[in-house]
Structures are given as structure tokens and as C-alpha cells.
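Reader: Could you pick one part of this model and take me through it closely? Keep it relaxed, but spell out your cut-offs, and add any charged pairs at the end.

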Amino acid sequence: IVSIVRFVAHASQWLVVFLALILALYTLNPEMASDLALRFLWYLPHLIVATVILILGALLSRFLARSVLIASVNAQLASARLLSGLTRVAVVLVAVAIAFEHLGIGRTTVLVAFAILFGGAVLAAALALGLGGQELVRHWLAEASQTRPAPGKETQTVIHHW
């Protein structure tokens, strides 16, 4: 755990280094130094917001992971810790993707990577549901084919399956 005094000391150290760098650049080229300082000051709020997003993502991931763990244990699932860990990782990945998007770092790369991961998760869920529900669909199709009238015979009977 980092104390407030240590945090202020490190922040002050980096501020002094940054100011010394700007002064050194001013001696070389004043226009470039002022442009660099202006760009940094315009980018600083984005850095602060991205840091807040990462901190909130970490806190939310801990909360959701704990909630999933409790719900899984109460449901007596064998893989409760695995589900909890996957929840934590997923929430942190989303928070990192949002922070990178806010910073403007690799917008296309982050978007494509997130789409691939999300698409893979949806495909895995669809396969699991499809393979797990094979017997149910087979049973439903067998019942539906038995209640169908023979071709050429038309009946007015309506059958509802519940």
C-alpha cells in the first residue's frame, strides 16, 4: 500500500523532471518546447480520466468476482473459483479497453481485439448450448413428426404442445 506522502513525493519528483525537461528543450527550440508543454497539458485530463476508469474497473471487478463466487457456491457449482476469476478478468479487460479508447491509443486495434474476444465468447456459448441441447431438440423433432398428418390428408384438428 502506497502512503499519501510517498505518492506526493513521487509526483513531485516527476514534476521536477518534467519541468527540467521543458527548460532544457526551451534552450534548444522555444517553439517546440511550448508546443510540447501545451500538448501535455491538453492530454493530462485524459490521463486522469483513464486512471479513474482503471481504478473503478478494478473495484468493480473485485465486487463482481466476489458476487459470482458467492452465487456459484450457493448454487453448489464445482467451478465457482474459475467463474469468479473469469469474471474478474473480463471486467478488467473491458476497463482497460475503455481506458485505451479514451486515451486514443490503438483505437482500431482495441476495437477489433474486443470484437474478436466477444465474438469468441458468444460462439463458445452457442456451441455449448447447441451441443448440450441436442437431445432436447431430437425429442422435440420426434414428437413433431409423429403428430403431423400423412400427405394428402387434411384435417381441421389443431394441436398445441406445452
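Author: What follows is a look at helix 3 and its two packing contacts, and then at the salt bridges.

A bit of housekeeping: this is a predicted model, so local features need pLDDT of at least 70 and side-chain atom pairs count only at pLDDT 80 or more, while totals for chains, interfaces and linings use all residues. Residues are numbered from 1 along each chain as its sequence is written, and side-chain values use heavy atoms, with hydrogens and water left out.

Helix 3 covers residues 80-103. (Helices are DSSP runs of H or I, at least four residues, numbered from the N terminus.) Start with helix 2, residues 30-74. Helix 2 and helix 3 pack at about 165°, their axes 8 Å apart; axes are lines fitted to C-alpha atoms over the stretch in contact, and angles run from 0 to 180 degrees between N-to-C directions. The two are therefore roughly antiparallel, the word for angles over 145 degrees. Their crossing is right-handed, meaning the near helix is turned clockwise from the far one by less than a right angle, with anticlockwise being left-handed. By class, this contact has 21 nonpolar, seven polar and four charged residues. (Nonpolar is Ala, Val, Leu, Ile, Met, Phe, Trp, Tyr, Cys and Pro; charged is Asp, Glu, Lys and Arg; the others, Gly among them, are polar.)

Now for helix 4, residues 107-132: helix 3 packs on it at about 155°, with the axes 9 Å apart. That makes this pair roughly antiparallel, and here the crossing is left-handed. From helix 3, Leu93, Val94, Ala97, Phe100 and Glu101 meet Arg107, Val110, Phe114 and Leu117 of helix 4, with contact meaning heavy atoms within 4.5 Å. These residues divide into seven nonpolar, no polar and two charged.

On to the charged pairs. The structure holds two salt bridges, each a side-chain nitrogen of Lys or Arg within 4 Å of a carboxyl oxygen of Asp or Glu. In helix 2, Asp35 pairs with Arg39, closest N and O atoms 3.3 Å apart. They sit four residues apart, about one helical turn. Asp35 is partly exposed at 36% relative accessibility, while Arg39 is exposed at 58%. (Buried is under 20% relative accessible area, exposed over 50%, partly exposed in between, with a 1.4 Å probe and protein chains only.) The other bridge joins Glu135 and Arg138 at 3.0 Å, N to O. These two are three residues apart in helix 5 (residues 134-146), again about one helical turn. Glu135 is exposed at 52%, and Arg138 is partly exposed at 49%.

Note on methods
Angles under 35 degrees count as roughly parallel, over 145 as roughly antiparallel, 65 to 115 as roughly perpendicular and the rest as oblique.
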